[in-house]
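Welcome! Here is a short briefing to help you find your way around a new structure. Take a look at the sequence and the model first, and then read on.

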Amino acid sequence: MSIAEEFEQLYSRDELIGLVSAYFDKAPSVNPHAHYLCTQVPQIDTIITTNYDHLFEYAYGDNLCTVVGTQYKASDKKPVTLYKIHGDSSDSASVVLTSKDYAKFYEGLNSLIWNKLKVILAEHSVLFIGYSLEDKNIEDIFEKVLSQVDTSESEFFIAVPTLAEHKLRHFNTICKTTHIPIDGEELLSLVEKSIRENIVFDAIDKKISIDEAQTVAYRHGVQPIWRSSPSGEKTRIEIDDYIVNPFRSLISQGMTITSSAETYSQMEHFIEDCDCHEIILPPECLTLFENVNGINIPKNITANENGESVVKIEKPEQIDEVILTVENHDVYRDSIVLRSFWGSKRRRMVVQLPTINISLLFESTSVNINLSFSSERSTRQTLDDLFIVDLWYRGNTVIFSEALGNEMVPLLRMPHIEDEAVLEILSDYVSKNTKIYNQVLKLESYLETEFVLPNNLTYADRCVMEKVLSVFEPVEVEDTIWNLNLQINCDRQLYESLKKRSNHPMEIIEGIEENIYLFGQKYFIKEQRITIPCPVIENIDEVRNMLLSGNKAIAKIVSSTGKLTLRCKM
């Protein structure tokens, strides 16, 4: 308070509030999770905050009425009212920050707003989240207010990991106070989970209105059907049936969903919308669960007791043999299959080239792309298919069509890609694999054989390829791919020549005898020569210190260019 007071006197009120606004008027960069959790708790109808920011307004949207400062105004009819007792960063006059602001604030504790808050505090259970009442100003405020109201029927809860025992004893002299030793966000998560699980039972027990229970249940894909009947002088509320959104159940229960006349039609509609092939319903799922999507359900409720059991809803996959054209020129006429699952909201299509599968998932205006290799493919065919992918992402018109007589009926025009990140991924995929499979093609030529390639070339496969290829030609490799341990005895002459980058390459010969296997064939490596362009000593400091102390030094020789040249004898 004193620093804020000094700042205001040195500069101005506008400068002070400008600093506050610069930090608190920003839209959140990530979802304010704790504030969002508050919106999931229908029992919360009043929030009192000392914060200046707008995170509650952001989380609640139109469901919140905000009252700023101590100036009374008739509140709008909204589910939740937010009292910003220390002001709002967008209203400079309302912000309580300096010593004078606090003095004026204390004078207003008998205002209409605070009289209303006193009634709220007397009639409600109150949960303190976000601070432990260690702030002397906050402590003073609530002591003064609570001393003026009857809190015998109220209970306060303070959620904070640690709270001094004497503080808790002190607050219990004012009002019954329970310390919950966890942070506020964790507590709100537990509260939200408990409310979701028990929302139906709370409505039956009239602890919450049916409308509020419906809102929570709908949000989680459960639609209760309520029934009321007279019970003496009171009305008894029961659950007659449930309709369960099958999509949410699929996610939460893993292909386990309830079945009734209502849900059957919903599932049919759902499967028309999406790209699913089938939904399997085990017989034990024909009775409603005790728990659906996190909501506890009365055990005596069953669905479809007299109807037929639904075992499977199936949507056939479309399979078409297609011809590929690029810029209106035929490329492939055989061996291309187009597999499709169609829906009114999204569709999945897989183009099966001879060696590459291109999976496309169309959703509204976006498309997700995934590429994978098929098993047991030839090198030349793989390079041909990589060339097709290269033509596509570079913007060529690629169309897959079905031949009907003499006519070509287009079934899929490959989408034009504008996302730079996706283009970069595809470019990297094509360039890296083209380099690898060109190396395989060289090996086939040198060894006079044709390999049957596995689904994916592993790191070990690539290492063996480099070794075998180096028998016939020098191979440039990254210095890390081999994990080579190029360490040699280092004297002062070698140290002096390599303490700076040398322009003369160094050749190291490793006498090795190694059996290796490449795509099922056995090869024998007898010698390995490594040429290091621009060699330097990587552990230069260690070598220098060892030589200065008169000891032997072991130097690790690496290339400053990050490249090695490898040759082997077989």
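A good place to start is a pair of neighbouring strands: β1 (residues 46-49) runs parallel to β3, and 4 bridges join them. Please keep in mind that this is a predicted model. The protein chain contains 17 helices and 28 strands, and 44% of its 570 residues are buried.

**Strand β3 and its partners**
- Within the pairing of β1 and β3, Thr49 has Lys84 as its bridge partner.
- Strand β2 (residues 64-68) also pairs with β3, again in the parallel sense, through 5 bridges.
- Here Leu64 is found opposite Val80 of β3.
- Strand β3 itself covers residues 80-84, and 5 of its 5 residues are buried.
- That cover applies to both faces: Val80, Leu82 and Lys84 are buried on one side, and Thr81 and Tyr83 are buried on the other.

**Helix α1, a helix with two sides**
- Helix α1 spans residues 2-10, and its residues Ala4, Glu5 and Glu8 are buried.
- Viewed down the axis of α1, the buried residues lie within an arc of 100 degrees, so they line one face of the helix.
- This fits a general pattern: an α-helix has 3.6 residues a turn, so residues three or four places apart point the same way.
- Ser2, Ile3 and Leu10 are exposed on the other side of α1.
- The packing partners of the buried α1 residues are α2 (13-24) and α5 (99-107).

**The nonpolar cores**
- The largest nonpolar core has 68 residues, and those touching the most other members are Val351, Ile358, Trp392, Phe400, Leu412, Met414 and Leu518.
- Helix α14 (residues 420-447) gives this core its largest share, with 8 residues.
- A second core, separate from that one, has 25 residues, among them Val96, Phe128, Ile138 and Leu146.
- Phe400 is worth a look: beyond its neighbours within four places in sequence, its contacts include Val322, Ile323, Leu324, Ile336, Val351 and Leu353.
- Phe400 is also in contact with Pro410, Leu411, Leu412 and Met414.

**The chain as a whole**
- Taking contacts between residues at least 6 apart in sequence, 61% join residues at least 24 apart.
- The protein chain exposes about 31,600 Å², with carbon and sulfur atoms supplying 49% of that area.

Note on methods: Residues numbered from 1 in each chain as written. Predicted model: local features only at pLDDT ≥ 70, side-chain atom pairs only at ≥ 80, totals over all residues. Heavy atoms only, no water. Buried < 20%, exposed > 50% of the residue type's maximum accessible area, 1.4 Å probe, protein only. Helix = DSSP H or I, 4+ residues; strand = E, 2+ residues; numbered from the N terminus. Pairing = 2+ DSSP bridges. Core = buried A, V, L, I, M, F, W, Y, C linked by side-chain atoms within 4.5 Å. Contact = heavy atoms within 4.5 Å. Arc of directions from axis to C-beta. Areas by Shrake-Rupley, 256 points an atom, 1.4 Å probe, with all protein chains shown as cover.
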